[in-house]
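Welcome, and thanks for taking a look at this one with us. Please have the sequence and the 3D view at hand as you read.

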Amino acid sequence: MSMGICIEEVRYVKMPEREESTDRMHAQTGRAAPAVLVVDDQPQLLGLAVCILRQAGIDALEAHDGREALDVFRRCAGKIGLVITDVEMPQMTGLELAAHLRLESDRPAIVLMSGSSKYQDAIHGSEFLPKPFTTADLINCVRRHLQSAF
């Protein structure tokens with residue numbers, strides 16, 4: 001039996017230029033910045049998305065499944081302005097999570113993401129972010145939603 005070591009390639013990702021920063025928008029409105037809750041059962045993708053958002057100056061929270069996302073949403077009531085969730089997750093799908101969130105509050109915008117385009121037409125009232133997405137795709141999607149919250 002041979003043993004090997006797997007080393008993941010690490011790439012430095014150039015962040016897109018910051019447009020009007022969320023900090024400036026908050027200073028102008030006097031309101032706290034809404035947070036983004038990212039939900040995905042794949043730890044690597046979840047960690048990467050949260051890291052990208054935080055490096056872009058966006059307050060990002062994370063949850064590993066729909067049930068944990070509901071707990072985070074309830075604990076942070078009023079702080080979360082956008083939820084980005086994977087569609088296919090065990091225990092509670094992103095579509096089920098979106099339905100629960102809409103029953104509890106009309107505030108958070110919801111973006112559903114998936115590697116399968118079959119969900120694109122099944123999503124009503126939510127934006128669809130196809131996987132894989134680029135850093136710019138993610139940040140631009142979030143900025144659109146956060147700017148419309150002001």
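The report below goes from the overall fold to the sheet, the helices and a few individual residues.

## Overall fold

Let's start with the whole chain, which is a predicted model. The protein chain holds five helices and five strands, and along the sequence they follow the pattern α-β-α-β-α-β-α-β-β-α.

Of the 150 residues in the protein chain, 43% are buried. Taking the contacts with a separation of 6 or more, 64% are between residues 24 or more positions apart.

## The sheet

The five strands form an open sheet in the order β2-β1-β3-β4-β5, and their pairing is parallel. At the edges sit β2 and β5 (127-130), each of which pairs on one side only. On average, neighbouring strands of this sheet are turned by 20 degrees against each other, direction ignored.

As general background, the strands of a sheet pair through backbone hydrogen bonds, in either a parallel or an antiparallel way. Here, β1 (residues 35-39) and β3 (residues 80-86) pair in the parallel sense over five bridges. Two of the partners in β3 are easy to find on screen: A35 is bridged to I80, and V39 is bridged to T85. β1 also pairs with β2 (residues 60-63), again in the parallel sense, over four bridges. In that pairing, L37 of β1 has L61 of β2 as its bridge partner.

## A strand covered on both faces

How many of the five residues of β1 are buried? The count is five of five, so the strand is mostly covered under the cut-off of 20% relative accessible area for buried residues. In a regular strand, side chains alternate between the two faces of the sheet. In β1, one side carries A35, L37 and V39 and the other carries V36 and V38, and all of these are buried. Both faces of β1 are thus covered.

Two helices can be placed relative to this part of the sheet. α2 lies across β1 and β2 and runs at about 170 degrees to β2. Helix α3 (residues 66-75) lies across β1, β2 and β3, running at about 140 degrees to β2.

## Where α2 meets α5

Besides lying across β1 and β2, α2 has a helix partner. The axes of α2 (residues 43-55) and α5 (residues 135-148) come within 10 Å and cross at roughly 65 degrees. The crossing is right-handed.

Which residues meet here? From α2 they are A49, I52 and L53, and from α5 they are T135, L138, I139 and V142. The residues of this contact divide into six nonpolar, one polar and no charged.

## The loop between β3 and α4

Two residues of this loop make a nice pair to look at, Q91 and M92. Are they buried or exposed? Q91 counts as exposed because its relative accessibility is 56%, over the 50% cut-off. M92 is buried because its relative accessible area is 8%, under the 20% cut-off.

Q91 also has a positive phi of about 75 degrees, although it is not a glycine. M92, leaving out residues up to four places away in sequence, touches G66, R67, L70, L97 and H100. One of these, R67, is 25 residues from M92 in sequence, with a C-alpha to C-alpha distance of 6.7 Å.

## From α4 to α5

S105 lies in the loop between α4 (94-104) and β4 (109-114). Its side chain reaches the backbone nitrogen of R107 at 3.0 Å. S105 and F73 are 32 residues apart along the chain, and their C-alpha atoms are separated by 10.0 Å.

Further on, S114 is found in strand β4. S114 counts as buried because its relative accessibility is 3%. Apart from its neighbours within four places in sequence, S114 is in contact with D86, V87, Y119, F128, L129, P130 and K131.

K131 appears once more in the backbone: a cis peptide bond joins K131 and P132, with omega about -5 degrees. P132 lies in the loop between β5 and α5.

Definitions and conventions
Residues numbered from 1 in each chain as written. Predicted model: local features only at pLDDT ≥ 70, side-chain atom pairs only at ≥ 80, totals over all residues. Heavy atoms only, no water. Polar contact = N/O pair within 3.5 Å; in protein donor to acceptor, adjacent residues only side chain to side chain. Axes fitted to C-alpha atoms, helices over the stretch in contact; angles between N-to-C directions. Left-handed = near helix turned anticlockwise from the far one by under 90°. Contact = heavy atoms within 4.5 Å. Nonpolar A, V, L, I, M, F, W, Y, C, P; charged D, E, K, R; others polar. Buried < 20%, exposed > 50% of the residue type's maximum accessible area, 1.4 Å probe, protein only. Pairing = 2+ DSSP bridges.
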